[in-house]
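Good morning, everyone, and thank you for making the time. I would like to walk through one structure with you, going from single residues to a pair of helices and back again.

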Amino acid sequence: LDEALDVLAAGPPEGWVGARPVGLHLEGPWLNPKRAGAHNRSALRPPPMGSDLPDRLRASEGVRLVTLAPELPGALELIVELRARGVVVSLGHSEASFAEARAGIRAGATMGTHLFNAMSGLHHRAPGLAAALLDDPAVRVGLIADGHHVAPEMVRLAWRMASEHTVLVSDAVSLLGTPGFDVARLPDGTIAGGVVGIDECVRNVCRFTNCSIELAAAAASNAPRAVLGIAASPGDEIELDAAGGVVRTQIADQLVWEAD
């Protein structure tokens, strides 16, 4: 954590032209080992109590978002403390029941991390975290629409239920854009991350749901800004064509990429 925050605080190298991170998303270490996904289980920890929470873990230091499992002992108190420090809390990597998930939301969580993935789901007699997230119109749901993390049919169902509350995420790892790969997996077959960009996720949502490009693009721009409370910057702009292809990217009023 200290190393990551130090790198963030140092800023980009001299002469850098391009996007800059708005902060860190800590996906763990307060996750349920039963829903660890590709995370190293030996690195997971129970929620810290009181003064054991690192002092630098606050929005003013660059930590903007934390994913945790609300059913873990001490998790609700941790949510309250993180919110007091200006950090947005998202629920994920969790075995939470519907009631446990609702308790996390009441404590201050306002988002769910990658809906359906690594969480208790939509069982008709035992609704879990996914059901609680979709049931609450005040909660945003992250959704990986790469066509592998979530089946297109489930993307369509989630979009029908919560399109205005959906935040498109790529879950991309370092293989992003590598030819010949459609998803990253561990040797045992566990999905370890996405390899397509957020622009392709926007196009996929249009294909899977038949929604407009405007609605899909809003889920990748307005929605994540709303989660973090970030105002739109008129100097930052991505122009898409009618099919959702990226035409150009402008950052701080400077053109940084343009299609051929």
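Let me begin with a question: is threonine 113 buried or exposed? Threonine 113 is buried, with a relative accessible area of 5%, where buried means under 20% relative accessible area, exposed means over 50%, and partly exposed is what lies in between, using a 1.4 Å probe and protein chains only. Before I go on, please keep in mind that this is a predicted model, in which local features need pLDDT of at least 70 and side-chain atom pairs count only at pLDDT 80 or more, while totals for chains, interfaces and linings use all residues. Residues are numbered from 1 along each chain as its sequence is written, and side-chain values use heavy atoms, with hydrogens and water left out.

Threonine 113 sits in the loop that runs between strand E4 (111-112) and helix H4 (129-135); helices, H or I, of at least four residues and strands, E, of at least two are DSSP runs, numbered from the N terminus. The side chain of threonine 113 makes a polar contact of 2.6 Å with the side chain of threonine 67, and another, of 2.7 Å, with the side chain of serine 90. By polar contact I mean a pair of N or O atoms within 3.5 Å, where, within protein, one must be able to donate a hydrogen and the other to accept it, and where residues adjacent in sequence count only if both atoms are side-chain atoms. If we leave aside neighbours within four places in sequence, the residues in contact with threonine 113, contact meaning heavy atoms within 4.5 Å, include His25, Glu27, Leu91 and Met119.

Two further residues belong to this loop. Histidine 114 lies between E4 and H4 as well, and its phi is near 30°, a positive value in a residue other than glycine; histidine 114 is buried, at a relative accessible area of 7%. Asparagine 117 is also placed in the loop between E4 and H4, and at 15% relative accessibility asparagine 117 counts as buried. A polar atom of the asparagine 117 side chain lies 2.8 Å from the backbone oxygen of histidine 149, and, not counting residues up to four places away in sequence, asparagine 117 touches Ile144, His149 and Val150.

For comparison, consider a second positive phi, that of aspartate 253, which is near 65°, again in a residue other than glycine. Aspartate 253 is placed in the loop between strand E10 (246-251) and strand E11 (254-258), and aspartate 253 is exposed, with a relative accessible area of 62%.

Now to the helices. How do H2 and H3 lie relative to each other? The axes of helix H2 (residues 75-84) and helix H3 (residues 98-107) come within 9 Å and cross at roughly 25°, the axes being lines fitted to C-alpha atoms, for helices over the stretch in contact, with angles running from 0 to 180 degrees between N-to-C directions. H2 and H3 are therefore roughly parallel to each other, since angles under 35 degrees count as roughly parallel, over 145 as roughly antiparallel, 65 to 115 as roughly perpendicular and the rest as oblique. On the H2 side the meeting residues are Leu76, Ile79 and Val80, and on the H3 side they are Ala103, Gly104 and Ala107.

Leading into H2, the loop after strand E2 (63-68) holds proline 70, which is buried at a relative accessible area of 4%. Proline 70 touches, among others beyond four places in sequence, Leu76, Leu91 and Gly104. Leucine 72 lies in the loop between E2 and H2 too, counts as buried at 16% relative accessibility, and touches Trp30, Leu31, Asn32 and Pro47, not counting residues up to four places away in sequence.

Finally, two more prolines. A cis peptide bond, with omega about 15°, joins glycine 28 and proline 29, and proline 29 is placed in the loop between strand E1 (24-27) and E2. Proline 152, in helix H5 (residues 152-162), counts as partly exposed at 24% relative accessibility, and its C-alpha atom is separated by 8.3 Å from that of threonine 209, 57 residues apart along the chain.
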